[in-house]
Amino acid sequence: MNIRPLYDRIVVKRIDEQETTRNGIVIPDSAKEKPQEAEVMAIGKGKRLEKGKIVDLDVKVGDHILFAKYSGNEIKLDGADYIIMREDDVLGVLDAAPQALLKAS
């Protein structure tokens, strides 16, 4: 990927999980909502405050995040889909341990 977001913007890639029912039927992508979980691929330098100071972002590359439903702008780069959004659209960062527990259950 060859993109560098500016200021408090981040580039994320959705984490798609194939959903199946109890009977083993795979639900097609067109019939389900897009996931609101993503992996951070690139981050900007930080948020610029009114007095010109730049504050570092709380998220870092590799973090798994939850974001608001209609956040950011979708782009296609090198055949892959990404979303560019502001850090303010991030609802939370998922810890590795609880995420592994959720997938195991």
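## A buried aspartate and the sheet around it

Asp8 is buried in this predicted model, with a relative accessible area of 4%, a value that falls under the 20% limit used for that label. The residue belongs to the segment before strand 1, and its surroundings are drawn from distant parts of the chain: leaving aside residues up to four places away in sequence, Asp8 touches Gly46, Lys47, Leu57, Met85, Arg86, Glu87 and Asp88. One of these neighbours, Gly46, is 38 residues apart from Asp8 along the chain, yet the C-alpha atoms of the two are separated by 4.8 Å.

### Salt bridges

Side chains of opposite charge can pair when their charged atoms come close. The structure holds 5 salt bridges, and among them is the one in which the side chains of Arg86 and Asp8 meet, at 2.6 Å from N to O. Because Arg86 lies in strand 7 and Asp8 in the segment before strand 1, this pair ties together parts that are 78 residues apart in sequence. The side chains of Asp8 and Arg86 are also listed as making a polar contact, at 2.6 Å. The two partners differ in their burial class, since Arg86 counts as partly exposed at 35% relative accessibility, whereas Asp8 is buried at 4%.

Including this pair, three of the salt bridges can be set out as follows.

| Pair | Closest N to O distance |
|---|---|
| Arg86 and Asp8 | 2.6 Å |
| Arg14 and Glu74 | 3.2 Å |
| Asp88 and Lys47 | 3.5 Å |

Arg14 forms its salt bridge with Glu74; Arg14 lies in strand 1 and Glu74 in strand 6 (residues 73-77), so the pair ties together parts that are 60 residues apart in sequence. Glu74 is exposed, with a relative accessible area of 52%.

Asp88 forms its salt bridge with Lys47; Asp88 lies in the loop between strand 7 and strand 8 (90-94) and Lys47 in strand 3 (residues 47-48), so that this pair ties together parts 41 residues apart in sequence. Asp88 counts as exposed at 53% relative accessibility, while Lys47 is partly exposed at 35%. Both Lys47 and Asp88 also appear among the residues that Asp8 touches.

### The sheet

Strands of a sheet pair through backbone hydrogen bonds, either parallel or antiparallel. Here, 6 strands form an open sheet in the order 6-7-1-2-5-8, with antiparallel pairing. Strand 6 and strand 8 are the edge strands, each pairing on one side only, and the twist averages 40° from one strand to the next.

Strand 1 pairs with strand 7 in the antiparallel sense over 4 bridges, and within strand 7 it is Arg86 that stands opposite Arg9. Strand 1 also pairs with strand 2, again in the antiparallel sense, over 5 bridges, and the bridge partner of Val11 in strand 2 is Ala42.

### The nonpolar core

In soluble globular proteins, nonpolar side chains tend to be buried together. The largest nonpolar core in this model has 11 residues, namely Ile10, Val12, Ala38, Val40, Leu57, Val59, Ile65, Phe67, Ile83, Met85 and Val90. Two or more residues of this core come from each of strand 1 (9-14), strand 2 (37-43), strand 5 (64-67) and strand 7 (80-86). Leu57 and Met85, which are listed in the core, are also in contact with Asp8.

Technical notes: Residues numbered from 1 in each chain as written. Predicted model: local features only at pLDDT ≥ 70, side-chain atom pairs only at ≥ 80, totals over all residues. Heavy atoms only, no water. Core = buried A, V, L, I, M, F, W, Y, C linked by side-chain atoms within 4.5 Å. Buried < 20%, exposed > 50% of the residue type's maximum accessible area, 1.4 Å probe, protein only. Pairing = 2+ DSSP bridges. Contact = heavy atoms within 4.5 Å. Polar contact = N/O pair within 3.5 Å; in protein donor to acceptor, adjacent residues only side chain to side chain. Salt bridge = Lys/Arg side-chain N within 4 Å of Asp/Glu carboxyl O. Axes fitted to C-alpha atoms, helices over the stretch in contact; angles between N-to-C directions.
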